[in-house]
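Visitor: I've got a model on my screen and a few questions about its charged pairs and one of its helices. Could you walk me through it?

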Amino acid sequence: GCTTGNAISAEKVSGAREPKEQTVEVELDDKFTDATVNFAIELFKRSDMEDANILISPVSFMLALGMTANGANDVTLKEFERVLGDGMTIAEINAYYRAYVKGLPNSKETKMSIANSIWFKDAEEFQINENFLTNNEMYYKADIYKAAFNKGTVKDINNWVESKTDGMIDKIIEEDWLPKSLLTSEQFEYVKNIKLKPQAIKYIKENTDLGLKESAFYYDMYIK
């Protein structure tokens with residue numbers, strides 16, 4: 001948690017609302033695996049840049065898009081559902097993502113942890129959808145803050161990041177950062193000694209032409 005030296009002054013509103021429904025519990029199955037692998041493969045293909053060394057995390061992309069999808073509707077929501085879940089509903093995607101994150105390894109030797117937050121401007125003219133906040137809190141464990149979006153908010157976001165990364169990252173935005181939007185989201189992924197299961201590596205190698213080496217499946221890093 002935050003120490004006195006890096007306290008967050010913004011109003012934390014997560015935990016202040018009663019969910020309208022209980023979270024749906026699901027088991028990870030082939031339906032989830034197929035959708036997730038397809039998304040990751042397409043992401044790698046579309047992110048390939050010639051003569052460039054890039055680092056991307058499909059998990060971070062999936063969760064960030066899943067969080068965003070909860071604020072979409074109509075055609076936009078259908079596109080999110082198609083890209084993330086091969087046609088699964090947002091309710092199914094939320095449940096699967098919650099189960100996935102809940103099952104991540106967490107020990108001294110092997111660990112993968114993810115932290116999410118949503119910051120929205122404290123302004124009378126800005127009305128944020130309560131279902132968007134509730135679903136992100138329930139399914140993505142997002143810390144939600146109402147903030148002034150001034151220099152104090154810059155400090156708050158940096159303090160949040162520092163607390164979630166055990167002090168390894170103490171700044172992510174500069175003091176002159178003042179967002180033009182009324183809402184921002186921050187996400188961090190911490191990976192330690194994670195290696196894909198042999199069957200997953202075999203599947204990716206046999207079903208893609210990415211030419212990934214064995215070292216590409218071993219991780220130990222922070223990813224924003």
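Visitor: Let's start at the end of a helix: which residue just after α5 takes a positive phi?
Guide: Bear in mind that this is a predicted model. Look just past α5, where the phi is positive, at about 50 degrees. The residue there is Lys141.

Visitor: And at the start of α5, which backbone nitrogen does a side-chain oxygen of Asn129 reach?
Guide: Go to the start of α5 and find the side chain of Asn129. One of its oxygens comes to within 2.7 Å of a backbone nitrogen. That nitrogen belongs to Asn131.

Visitor: Is helix α5 largely enclosed or largely open, and how many of its residues are buried?
Guide: Buried means under 20% relative accessible area. The buried residues of α5 include Phe132, Leu133, Met138 and Tyr139. Helix α5 covers residues 130-140, and it is largely enclosed by the rest of the structure because the buried count is eight of 11.

Visitor: On to the charges: how many salt bridges does a search of the whole structure find?
Guide: One of them joins Asp143 and Lys12, at 3.5 Å from N to O. Another pairs Lys78 with Glu81. Searching the whole structure gives a total of eight.

Visitor: Take Asp143 and Lys12: how many residues apart in sequence are the parts they tie together?
Guide: Their side chains meet in a salt bridge. Asp143 sits in strand β3 and Lys12 in strand β1, so the bridge links parts whose separation in sequence is 131 residues.

Visitor: Is Lys12 buried, partly exposed or exposed?
Guide: Its partner Asp143 is buried, at 11% relative accessible area. Lys12 has a relative accessibility of 45%, and the band between 20% and 50% is the middle class. That makes Lys12 partly exposed.

Visitor: Glu25 also has a salt-bridge partner; which helix does that partner lie in?
Guide: Glu25 meets Arg98, with N and O 2.7 Å apart. Arg98 is in a helix spanning residues 90-102, so the pair connects parts 73 residues apart in sequence, and that helix is α4.

Visitor: Back to Lys78 and Glu81: about how many helical turns separate them?
Guide: Their closest N and O atoms are 4.0 Å apart. Both residues belong to helix α3, three residues apart, so the separation is about one helical turn.

Visitor: Which of those two is exposed, and which is buried?
Guide: Lys78 has a relative accessibility of 57%, so it counts as exposed. Its partner has a relative accessible area of 8%, so the buried one is Glu81.

Note on methods:
Residues are numbered from 1 along each chain as its sequence is written. This is a predicted model: local features need pLDDT of at least 70, side-chain atom pairs count only at pLDDT 80 or more; totals for chains, interfaces and linings use all residues. Side-chain values use heavy atoms; hydrogens and water are left out. Helices (H or I, at least four residues) and strands (E, at least two) are DSSP runs, numbered from the N terminus. Buried means under 20% relative accessible area, exposed over 50%, partly exposed in between (1.4 Å probe, protein chains only). A polar contact is a pair of N or O atoms within 3.5 Å; within protein, one must be able to donate a hydrogen and the other to accept it, and residues adjacent in sequence count only if both atoms are side-chain atoms.
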